[in-house]
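Here is a short set of exercises to work through with the model open beside you. Try each task first, then follow the steps of the solution.

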Amino acid sequence: MKLDVNALGTFYRMAREGAGLAAGRLTKMTGVETQVGVTKLNFMRGEEIRHDFEDGTEKVGIRVRLSGGLDGHSVVVFDRNSALRIVEMLIAEADVEEFDEMSVSAATEVGQVMNSGFIDGWADVLETVIDVSTPQFIEGATAEPFFGDIDEAPGKGDMALLFQSHINAVGTELSFSHYLFPARDSMASLLERLRTSDGIEYDKLDGFDRMAEQGAEEVAKTATTLTGIETSVEIRRLNFVSLEAIPASVPNERLVGVAFEFDGTPSGYLLFLFDEESAHEIVDAMVPMETDDEEGFGEMERSAITELGNIMASGFLDGWANVLDTTIDHSPPEFIHDIGAAAVDPVIIQLGENQEFAFVFDTQVMADGREFDCDIYAIPDERDLERALNDLDVDRIEETPTTAEFGDVE
């Protein structure tokens, strides 16, 4: 199975079109104003999908089987409280707390209408007909009841292409996600039809994801060595997104970070972003003395954070270069202290001159018991990435170590 940017771009437009139709139909049914949130194509392993589900909250899903122009399963998943609020709106009753026959019927109807919105959007973009089975109502707190019996759902270590959309309801607490699990043969057929270049083998993308995983683990080890704070990789995703969607995925709060431009095969940008509390924890751990500025980030604080970022970047990119048997240089670190989207806008503007979409390695490093959250965005140039993936020897990934150099903060 091969894919290229044109085929994935069509899939992305398909997901956005479907999300728009589903949002409109939800508004029509409930009277609640909605807007389409971030839409992504996720390349995720089964264990990461299950991690998303196991956040301790009860969920409700409406699932249908697809056939015809696209085979697979489509699932709309609400958190349980959101589903109950929607039911209250539909049957005009207050304080619905449990799902009885009537409320199950109402929730199923909403989920079916939304599933149909997504599917009609995809059918429009693909200019085909997609048949839909009778909807199935599901409740649970883990992924198992929702995906456990779906053949297309990936195993623990398998990577799957997953469509994920969020729709936000304005003025009320509603939360849900949409998942599409396409059948592999059906997906391969579509990719073949939509591809306009030689493309890259899907297995190479799987290999590149494993390479990025090693880079993320190297970052966590580096952070632990330099700060003494035990950290680990919490979340890791390979996303295919529109460049304009990246700022919307960054937390809307004041962030501290370090940015690099890297050059070689591939070239691109690498960002490490911390919330302010985490940044202060880093400074306290690396510079155990009173610093220049207790509230802000003076010269000493900036030096500590850029030094950490510099060494994390070296570990991350050296690993890539070793596996790809190439050279990747990176620029000096650029300190960032800005609000959410503004922290990534300069990178988006630079990349936007030559491309519309990007593969983004979105990783979160967490500390156990202390405040240390770090989001890593690795955004390669799409042309360089395709060339790098075609040259990738997947067997080298497990054999080639990553390296990082450590120094003292001055």
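**Exercise 1. Find out how many residues of helix H7 are buried, then check its length.**

Solution.
- Step 1: Of the 26 residues of H7, 20 are buried, so the helix is mostly covered; buried means under 20% relative accessible area, exposed over 50%, and partly exposed in between, with a 1.4 Å probe and protein chains only.
- Step 2: Helices (H or I, at least four residues) and strands (E, at least two) are DSSP runs numbered from the N terminus. H7 covers residues 202-227.
- Step 3: The expected span of a helix is 1.5 Å times one less than its number of residues. For H7 that gives 38 Å, and the end C-alpha atoms are 38 Å apart, which agrees.
- Step 4: Look just past the helix: Gly 228 follows H7 and has a positive phi, near 75 degrees.

A word on the ground rules: this is a predicted model, in which local features need pLDDT of at least 70 and side-chain atom pairs count only at pLDDT 80 or more, while totals for chains, interfaces and linings use all residues. Residues are numbered from 1 along each chain as its sequence is written, and side-chain values use heavy atoms, with hydrogens and water left out.

**Exercise 2. Repeat the length check on H10 and look at what comes just after this helix.**

Solution.
- Step 1: H10 has 26 residues, which should span 38 Å.
- Step 2: The end C-alpha atoms of H10 are 37 Å apart, which agrees with that expectation.
- Step 3: Just after H10 comes Asp 325, with a positive phi of about 55 degrees.

**Exercise 3. Describe the chain as a whole: what are its secondary structure and its overall dimensions?**

Solution.
- Step 1: Count the elements: the chain has 13 helices and 16 strands.
- Step 2: Compare the radius of gyration, taken over C-alpha atoms, with the globule rule of 2.2 Å times the number of residues to the power 0.38. The radius is 22 Å, close to the 22 Å from the rule for 410 residues, so the chain is as compact as a globular protein of that length.
- Step 3: Along the principal axes, the C-alpha trace spans about 65 × 50 × 35 Å.
- Step 4: Of the 410 residues, 54% are buried.

**Exercise 4. Classify the ring pair of Phe 53 and Tyr 179, and say where its members sit.**

Solution.
- Step 1: Rings of Phe, Tyr and Trp (its six-membered ring) pair if their centres lie within 6.5 Å; planes under 30 degrees apart count as stacked, over 60 as edge-to-face and the rest as tilted. A search of the whole structure finds 18 aromatic pairs.
- Step 2: Phe 53 and Tyr 179 are 5.6 Å apart centre to centre with 45 degrees between the planes, a tilted pair.
- Step 3: The pair links distant parts of the chain, with Phe 53 in helix H2 (residues 46-53) and Tyr 179 in strand E8 (residues 176-182), 126 residues apart.
- Step 4: Both Phe 53 and Tyr 179 are buried.
- Step 5: For practice, take Phe 297 and Phe 335: their ring centres are 6.4 Å apart and their planes are at 50 degrees, so this pair is tilted. Phe 297 and Phe 335 are both buried.

**Exercise 5. Which residues line the largest cavity, and what is their character?**

Solution.
- Step 1: On a 1 Å grid over the protein atoms alone, a cavity is a set of points where a 1.4 Å probe fits but cannot get out, and a pocket is an open set with protein on both sides within 12 Å along at least five of seven lines; lining residues have an atom within 4 Å of a point.
- Step 2: Grid points are joined across faces, edges and corners, and a volume is the space filled by probe spheres set on the points. The structure holds 2 cavities of 30 Å³ or more, and the largest has about 60 Å³ of space.
- Step 3: Among the residues lining the largest cavity are Val 38, Lys 40, Asn 239 and Tyr 377.
- Step 4: Ala, Val, Leu, Ile, Met, Phe, Trp, Tyr, Cys and Pro count as nonpolar, Asp, Glu, Lys and Arg as charged, and the others, Gly among them, as polar. This lining has 6 nonpolar, 2 polar and 2 charged residues.

**Exercise 6. Which residues lie nearest the centre of the largest pocket?**

Solution.
- Step 1: The largest pocket holds about 800 Å³ of space.
- Step 2: Of its 28 lining residues, Lys 40, Asp 52, Gln 164, His 166 and Arg 237 lie nearest the centre.
- Step 3: The pocket lining divides into 10 nonpolar, 10 polar and 8 charged residues.
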